[in-house]
Each structure stands twice: as C-alpha cells, then as structure tokens.
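Thanks for making time. I have one structure to go through, and I will keep it short.

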Amino acid sequence: MRIWHQSFTVLQDLPAYADALKLRIGEVVRPDTEVVLHGQIPGTYTSDYPGSDLAYGVLYWMHGLQWLAAAREAQQQGFDAMVLASIAGPMAREIRTIVDIPVVGYGEAAFNLAGLYGRRAGMLFFIKERLDFWPEQLRHWGLENRFAGIEHAGVSFKDVLAGHMDPSRRDAVVARIVEQGEKLVRETGADVIVPGELPMNLLLSKAGVERIGGATVVDGLAVSFKMAEMMVDLRRLSGMRPSNHGYFHQSPDPRRFEQVLQFYGVSELGSKIPEC
C-alpha cells in the first residue's frame, strides 16, 4: 500500500519536523505500507511559517489549489490513498469528487474518532488568527454538537519547531501546552483533546502525552494513517467509496475538469509538488 502524505508546510524549510514525521509515521503504519512525504511548493510562503498566510481565508483557499493538484497527481502516480496532514483538511470534500482513492483529512478524522473516546472534544491551537475558523469548520463537518471549545496552546509555531529541533527545549514547550490543555478541560468540560496543528500534535506524541487533565489526547498523525489504511482495506474488501450523490459529492466530467485546469493555467501544478 502506498500513501501520499501532503503537508501545508514547505517541508524542505523544516528538516527537523520532516525527520520527526518520517520517524513517527514509520512507527505507525504497517510494514507493507509505504508513505511518501510531500509539502507545499518551495516559495509558497514568505517564510517557513505558513500561519501568516493561513490567517486569511482567501489565501488559505488559494494555497488549497496545491492540494487539488496534489490529489490528482497522487492518483496518476498510482497511490492507494492520500492523507491531508493539516487539521483543516483543505478542500477535502472537493478533492474526493475528483479522485477515486481514499482521502483522509487529519482534523475530520480526529474529531470523528473522538466521539468513540469521549462525549465532547476540545481543541488546542497556536495560530491565533484562525480562532473564528474552527467553530465554522466543525459545523461544516457536522460535529458542532460535540465540540466543547477551543483554547490557545500558549505557544507559537516557532516554539513548537524549537521543541522538535532542540530536545532541551521540548519539556518547557510541552509543559506550557499541557497547562493550557488543563485549562481547556477545566473550563469546557472536554473529555477529548485534539491538538490543533500537526507539528504540535507530533511534539506531544514524541513526549508521550496521552492524557491531559484526565482527557484523552488524540494522536492525529496515527489516526490519519491508520484511517487511510483501513479505508483502503474496506475498499478492497467491500467496495466502499465516498458518496457521489448530490451537489457536494458529485464528480464533474473528468474532461471538463482538465479543461478548466488548463484554462486557469494550473494543469501542471501537481508535477511541481515536491517529494520529501
């Protein structure tokens, strides 16, 4: 089984994070599963931090075009599944209408699975500018009734990145996240915590943080890849595929889709997505 991993970061700019991803993914997937890491095209952002762009809805969706292109490329290259390794899972619903392989979004999978571990799930996050995004996103996923709330993790992307790069700094960063997680549990009654951005999720996993304030901490990276493996298995065993019914799920004519890509000059975008 081959799985295409897609990050919202430029992985070439973040070697310590990329190395940590490879190590953890290797621990999670089955021996017969090959995962190939991909990130955004170098130069996508003005720095190694995508949050400054992702704070704006229009830039978020414009960058999401790379995810559509990556999915098309993944299918053309014969991958069995795709993991959208961003909690927002940009354009996941739209991507599922243009490819015929399982597509798993980290946040969508984590919050859906959270219902099997507790009654209500809360989220820690570090991109402050996206505070308003998350309640709307949970409504989009149909999970607002189980959403306990959101709490800033008390750290920045740079802090989390430092924790990946320098083990001597990791404990302090993790302690601050745990402190804010305890606040989330105390103030919202969350039974489950979803670590927002994947670099933070990975840092908590490396530190062995499984519970905060009695609440289960979702290992989103593990969930995403095990879900992808399961969906490939289910397709092979029972033919299960995403719905193709109704406006939100119906697939466009492939020839027309290719024509539109060419019209906007992005038909070759997928070939530029770098492998890490």
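I will go through the sheet, then a loop residue, then one helix.

Bear in mind that this is a predicted model.

The sheet is open and has four strands in the order 2-1-3-4, with parallel pairing. Strand 2, residues 34-38, and strand 4 are the edges, each pairing on one side only. On average, neighbouring strands are turned by 20 degrees against each other, direction ignored. Inside the sheet, strand 1, residues 2-7, and strand 3, residues 81-85, are joined by five bridges. Gln 6 stands opposite Leu 84 of strand 3.

Two helices lie across these strands. Helix 1, residues 15-28, crosses strand 1 and strand 2, at about 165 degrees to strand 2. Helix 4, residues 65-76, lies across strand 1 and strand 3, at about 165 degrees to strand 1.

Next, Ile 101, in the loop between helix 5 and strand 4. Is Ile 101 buried or exposed? Its relative accessibility is 10%, and the cut-off for buried is under 20%, so Ile 101 counts as buried. Leaving out residues up to four places away in sequence, Ile 101 touches Ala 74, Gln 75, Phe 79, Asp 80, Ala 81, Met 82 and Arg 235.

Last, helix 11, residues 220-238. At 1.5 Å a residue, its 19 residues should span 27 Å, and the end C-alpha atoms are 26 Å apart, so the two agree. Buried residues of helix 11 include Gly 220, Leu 221, Phe 225, Met 227 and Val 232. After helix 11 comes Gly 239, with a positive phi near 75 degrees.

Key: Residues are numbered from 1 along each chain as its sequence is written. This is a predicted model: local features need pLDDT of at least 70, side-chain atom pairs count only at pLDDT 80 or more; totals for chains, interfaces and linings use all residues. Side-chain values use heavy atoms; hydrogens and water are left out. The expected span of a helix is 1.5 Å times one less than its number of residues. Buried means under 20% relative accessible area, exposed over 50%, partly exposed in between (1.4 Å probe, protein chains only). Contact means heavy atoms within 4.5 Å. Two strands pair if DSSP finds at least two bridges between them. Axes are lines fitted to C-alpha atoms, for helices over the stretch in contact, and angles run from 0 to 180 degrees between N-to-C directions.
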